[in-house]
Amino acid sequence: MKNLEKVNYRGFIWPVIVGVILWLLTPMKPAAVPVAGWHMFALFVGTIIACITRPLPIGGVSILAFALTVLTGTLPMDKAILGFGNSSIWMIAMAFFIARGFIKTGLGRRIALNFVRLFGKKTLGLAYSLIGVDLIMAPATPSNTARAGGVLYPIIKSLAQSFGSDPKDGTERKIGSFLVFAEYHGDMITAAMFMTAMAANPLVQTLAKSSGVNISWGGWFLAALVPGIISLIVVPWLIYKMYPPEIKETPNAKQWAEKELDQMGKMTLPEKLMAVIFIIALVLWMTGSLTKIDTSLAAFLTLGLLLVVGVLSWTDVLHETGAWNTLTWFSVLVMIAGSLTTLGFIPWLSSSIGSMLHGMSWFLVLAILIVFFFYSHYLFASSTAHVTAMYSALLAVAISAHVPPMLAALLLGFFGNLNASTTHYASGPAPVLFGSGYVPQNKWWSLNLVLGVFYLVVWIGIGSLWMKVIGMW
């Protein structure tokens with residue numbers, strides 16, 4: 001007889017206890033909140049806690065949450081199932097498939113090796129070159145974990161070991177520690193710069209739309225451009241100064257990259273086709289407001305082209321479990337989070353918090369909300385769960401305090417990525433890169449504490465001014 005799948009039954013304890021207590025407190029709920037809204041809140045909190053305690057993978061948690069939502073009569077099946085028809089969520093799935101093309105063809109690795117060959121003479125330049133690869137891949141890779149962990153980490157590890165830097169023998173500070181931590185932050189910054197660079201970003205777009213704010217792919221990118229470029233330039237340098245590598249020059253990096261490229265051979269036809277189709281996808285996303293081609297439709301068209309030319313097979317699509325997993329749990333979380341608004345809970349919460357901040361200038365309110373959003377991430381092990389839990393409420397509070405809606409929606413969206421500058425479990429890439437052993441926990445936390453302040457200053461201060469200059473508020 002086959003063994004049963006391992007389940008973390010202890011992980012159910014807190015979600016069930018908290019969810020049941022909130023449900024039983026229904027008679028004591030605020031008068032302005034409908035019963036269905038309060039019940040949805042109880043289910044929502046239990047679901048978010050379960051995403052943290054992980055009794056099951058997040059997909060399993062979401063399926064249970066969906067079933068309970070309908071079983072308890074909080075939402076009828078025909079309304080609950082609508083979450084699976086959300087176009088933004090399907091765009092995420094499509095982008096996962098497109099990212100598979102980068103990995104399958106080897107184009108992502110070839111781009112990375114060429115950057116190392118061209119810009120890797122110094123250790124700092126090597127870090128910039130690796131982050132540059134992340135930047136190029138980001139628009140078409142909705143999983144920052146896939147970029148940092150699947151494409152760049154193997155290259156960083158190979159590079160570090162070629163320079164004799166390995167945590168197993170206590171030589172991690174030679175070069176590996178710096179490269180690992182610099183890539184972590186570079187990946188986080190690029191995730192904030194593109195709507196399609198991290199799984200939760202399209203969720204932000206969906207939640208903002210429910211509050212009457214329509215964020216386009218191009219609008220997101222343009223707003224993030226200046227603070228993003230400043231961060232990409234300054235942050236690796238700051239890490240270089242605060243956590244310097246022992247090896248400052250890397251003359252062998254060029255030779256190593258050339259050797260790896262020689263082994264790969266000339267650029268193959270699948271790689272060329274992948275590059276051309278990737279450029280087509282970028283053009284479609286950037287010109288959507290002119291062509292009237294929806295972002296999600298552009299992603300479907302891109303996948304269709306990859307299938308037609310044979311870069312991907314339908315088997316590749318079926319085997320891309322990350323896409324199907326994300327499609328499942330995102331659909332449920334979006335349904336629950338959106339229902340908190342339609343059932344009256346979010347309007348009540350935003351009104352209550354807004355009354356506490358009444359009388360303050362709107363910019364101070366915005367700063368307080370973002371700082372709260374940022375540091376509350378210490379309580380979360382998932383950027384997506386954090387966005388799902390707090391984004392709608394904080395955006396509603398900001399709008400009620402007369403913060404320009406687009407400014408509030410975008411800044412909160414950016415910090416849905418940047419708040420990963422906290423812990424070693426803050427987002428998907430964190431456990432991958434931290435788990436390599438190159439950066440100890442005390443350094444991870446202390447360096448992030450400093451860099452977190454930098455992000456708050458640059459993205460709130462310079463970011464707000466830049467968005468004013470380009471007329472976004």
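Is I13 buried, partly exposed or exposed? Select I13 and take a look: I13 is partly exposed, with a relative accessible area of 43%. The cut-offs here are under 20% relative accessible area for buried and over 50% for exposed, with partly exposed in between (1.4 Å probe, protein chains only).

Before moving on, a word on what you have open. This is a predicted model, where local features need pLDDT of at least 70, side-chain atom pairs count only at pLDDT 80 or more, and totals for chains, interfaces and linings use all residues. Residues are numbered from 1 along each chain as its sequence is written, and side-chain values use heavy atoms, with hydrogens and water left out.

**Stop 1: the patch around I13**

I13 sits in helix α1, residues 13–24. (Helices here are DSSP runs of H or I with at least four residues, strands are runs of E with at least two, and both are numbered from the N terminus.) Now add W14, I17, I21, L25 and M28 to your selection: together with I13 they make a nonpolar surface patch of about 610 Å². Patches take residues with over 30% relative accessible area and no salt bridge, joining like charges within 9 Å and nonpolar side chains (Val, Leu, Ile, Met, Phe, Trp, Tyr) within 5 Å. The areas come from the Shrake-Rupley method with a 1.4 Å probe, and for residues only the protein chains shown count as cover.

**Stop 2: R54 and helix α3**

Go next to R54, in the loop between α2 (35–53) and α3. Its phi is near 55 degrees, a positive value in a residue other than glycine. R54 is partly exposed, at 42% relative accessible area.

Then select helix α3, residues 58–71: its 14 residues should span 20 Å at 1.5 Å a residue, and the end C-alpha atoms are indeed 20 Å apart. (The expected span is 1.5 Å times one less than the number of residues.) Colour I58, G59, V61, S62, A65, F66 and T69, which are buried. They cover an arc of only 155 degrees around the axis, which puts them on the same side of α3. That arc is taken from the directions from the helix axis to the C-beta atoms. An α-helix has 3.6 residues a turn, so residues three or four places apart point the same way.

**Stop 3: the salt bridges**

How many salt bridges does a search of the whole structure find? Four, counting a side-chain nitrogen of Lys or Arg within 4 Å of a carboxyl oxygen of Asp or Glu. Three of them are on this tour.

- Show K104 and D316, whose side chains meet at 2.5 Å, N to O. K104 lies in helix α5 (residues 87–105) and D316 in helix α16 (residues 314–319), so the pair ties together parts that are 212 residues apart in sequence.
- Show E271 and R110, with the closest N and O atoms 2.5 Å apart. E271 belongs to helix α13 (residues 269–286) and R110 to helix α6 (residues 107–119), so this bridge links parts 161 residues apart in sequence. Both E271 and R110 are buried.
- Show E249 and K122, where the closest N and O atoms are 2.8 Å apart. E249 is in the loop between α11 (217–242) and α12, while K122 is in the loop between α6 and α7 (123–137), so the pair ties together parts 127 residues apart in sequence. E249 is partly exposed at 44% relative accessibility, and K122 is partly exposed at 46%.

**Stop 4: T123 and helix α12**

From K122, step along to T123, which is in helix α7. T123 is buried, with a relative accessible area of 0%. Its side chain reaches the backbone oxygen of I247 at 2.6 Å; a polar contact is a pair of N or O atoms within 3.5 Å, and within protein one must be able to donate a hydrogen and the other to accept it, with residues adjacent in sequence counting only if both atoms are side-chain atoms.

Select helix α12, residues 251–264, and pick out its buried residues, A253, W256, A257, E260 and L261. They span an arc of only 135 degrees around the axis, which puts them on the same side of α12. On the face turned away from that buried side, find the exposed residues P251, Q255, K259 and D262. G265 follows α12, with a positive phi near 80 degrees.

**Stop 5: K79 and helix α17**

Finish with K79 in helix α4, residues 77–80. K79 is exposed, at 51% relative accessibility. Draw a distance to M335: the two C-alpha atoms are 8.7 Å apart, though 256 residues separate them along the chain. Then select helix α17, residues 321–342, which has 22 residues and reaches 32 Å from first C-alpha to last, close to the 32 Å expected. Just after α17, G344 takes a positive phi of about 95 degrees.
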